[in-house]
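Colleague: Please put the model up, and I will ask about it piece by piece. Let us start with the ligand.

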Amino acid sequence: MTDTVNLKGKPHVVVVGCNFGGLTAARFIKEKSGDAIDVTVIDRKPYVVFIPNIPMEVFAGKDPALDLQMQFHQFLKRDGSTFLQAEVKDIDIESKSISIVPTERPGGAIEKVSYDYLVLAVGAKLDYAAIPGFGEYGHTVSDTFYGNKLRRYLFGGEYRGGPIAVGTARFQMGTKGRPDWIPTMTSACEGPPLEISLGLSALLEQRKWGSAKNITLFTQGEWIAEDAGVPLVKEFLHMAVDQMGMTYMNQTEDIKEITKDGIEFTNGKSVEAELKIVLPNWVAHDFIKKLPIVDEVGFVVTDLYMRNPDYPEIMAVGDCAAVTAPKLGGIGDQQARIVAQQIAKDLGKLHEEEQEMKFAPVVMCFGDMGHDKAFYIHSDLIYGGKTGVLKMGHKYFMMKMGFKEMYFALGGKTPGWGIKMTEIVGG
Ligand SMILES: Cc1cc2nc3c(=O)[nH]c(=O)nc-3n(C[C@H](O)[C@H](O)[C@H](O)COP(=O)(O)OP(=O)(O)OC[C@H]3O[C@@H](n4cnc5c(N)ncnc54)[C@H](O)[C@@H]3O)c2cc1C
């Protein structure tokens, strides 16, 4: 058994998943609770993929794997945390034990790791397999494999200047334990189609392959990226559709099939397209789905302190948490800080003057627009708030690039004032 808790007698915190949510959680947990705990981090790969910047690397003709994979082992080691490169196969939440298989080489045997606290940060499964025709005719930008496939298609001479469709499949959201101020959303993450359509328009113009007029932007509901708030979406569509000439197709319900000639939707509509760039439904991992801590579709139920109400030693951060809607890395960042605080509080390590944080999401993202410009969205309108900011320009491109550099330099442990500074500088 790979175990540290019984040997040293300290509470053992196991963080499963080490991309955005997991790395930030592991690092702040260690910062807050220090030597009072042992931290083990498990991921099947030893690096973070900086997903938000994949589209812009691809449209610049660059291999996103070269710039966007950040080895995190050194940061965990510096903190005194242990990293296990392994895949989690199963969790026994009654005996507090996790079954893992090493992933560095195939053929490893199952081992068990026990925990006192379990922080789940395993993200979601992006279900391309559920879209008929995707493997043969579909493209996407959600990881470096698919990003490179699209890059080869665009820059290898395959694209012939035909119509392009960009959009998402329908997101199935659970309801169990979800506060009513987090509404049901029909897309897991719809900022990327906005960004892809603008970045691609710039590329088409630069290469003289076409323009924004080649692009149809589609969505299942009334408004694309409704999580940004309808007033902001209307502003975006005014620019993309009325001024740039994109086509907007809404109420598509869901993707039925991708074919050589386009996309067919479940409501009977279809769009003709040579290039089909889609994001799928975000679904829960199979090993999580069967646990008694999840909602109807397998996302981990938590309260606003990111603890499961029935098993408070189990916490969730990022895309795997039911309250994370839309599925945004920025929301996972806030949750990671909350989890670190909760563990420190249990151990009496919270400073008296420190205010206890509670989950209060905002939608915040920077999207590439090509031509060294980006858009910036900062909104809580979807949760009933009053903040709704949409800005565009070179400044926001610099902020997007700057954030990535800061994230890499600091190993995912960005300063708490970062969000405030973004709000102030962003306007
Ligand atoms: C194109 C695109 C652009 C985006 N742009 C933005 C943006 O601008 N801003 C923003 O905030 N968000 C953005 N997002 C969303 C953001 O990428 C996700 O919300 C974020 O990656 C979620 O982080 P996470 O750590 O919860 O999950 P993930 O990033 O999915 O990480 C999960 C980790 O768990 C590991 N894992 C999973 N299962 C197991 C297992 N069984 N055993 C071991 N390890 C496991 C994986 O290897 C992975 O490292 C974008 C998404 C896409 C697709």
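Colleague: How many nonpolar, polar and charged residues does the shell around the ligand have?

Modeller: This is a predicted model, in which local features need pLDDT of at least 70, side-chain atom pairs count only at pLDDT 80 or more, and totals for chains, interfaces and linings use all residues. Residues are numbered from 1 along each chain as its sequence is written. Ala, Val, Leu, Ile, Met, Phe, Trp, Tyr, Cys and Pro count as nonpolar, Asp, Glu, Lys and Arg as charged, and the others, Gly among them, as polar. By these classes the shell has 18 nonpolar, 12 polar and 6 charged residues.

Colleague: Which residues of the shell are closest to the ligand?

Modeller: A residue is near the ligand if its C-beta atom, placed from the backbone, lies within 6 Å of it. By that rule 36 residues surround the ligand, and the closest are Gly-17, Asn-19, Gly-21, Gly-123 and Gly-318.

Colleague: Which helix gives the largest share of the largest nonpolar core?

Modeller: Such a core is a set of buried Ala, Val, Leu, Ile, Met, Phe, Trp, Tyr and Cys residues joined through C-beta atoms within 7 Å. Buried means that 20 or more other C-beta atoms lie within 10 Å of a residue's own, exposed means 12 or fewer, and partly exposed is in between, with C-beta atoms placed from the backbone. The core has 124 residues, and Cys-320 is among those that touch the most other members. Its largest share, 7 residues, comes from residues 329-346, which form helix 11.

Colleague: Where is Pro-326, which has a cis peptide bond?

Modeller: Most peptide bonds are trans. The bond joining Ala-325 and Pro-326 is cis, with omega about 0°. Helices (H or I, at least four residues) and strands (E, at least two) are DSSP runs, numbered from the N terminus. On that numbering, Pro-326 lies in the loop between strand 19 (314-316) and helix 11.

Colleague: Is Glu-253 exposed, partly exposed or buried?

Modeller: Glu-253 sits in the loop between strand 13 (247-249) and strand 14 (255-259). Its phi is positive, about 75°, although Glu-253 is not a glycine. Glu-253 has 14 C-beta neighbours inside 10 Å, so it counts as partly exposed.

Colleague: And why does Asp-372 count as exposed?

Modeller: Asp-372 is in the loop between strand 20 and strand 21 (373-379), and its phi is also positive, near 60°. Asp-372 counts as exposed because its C-beta neighbours inside 10 Å number 12.
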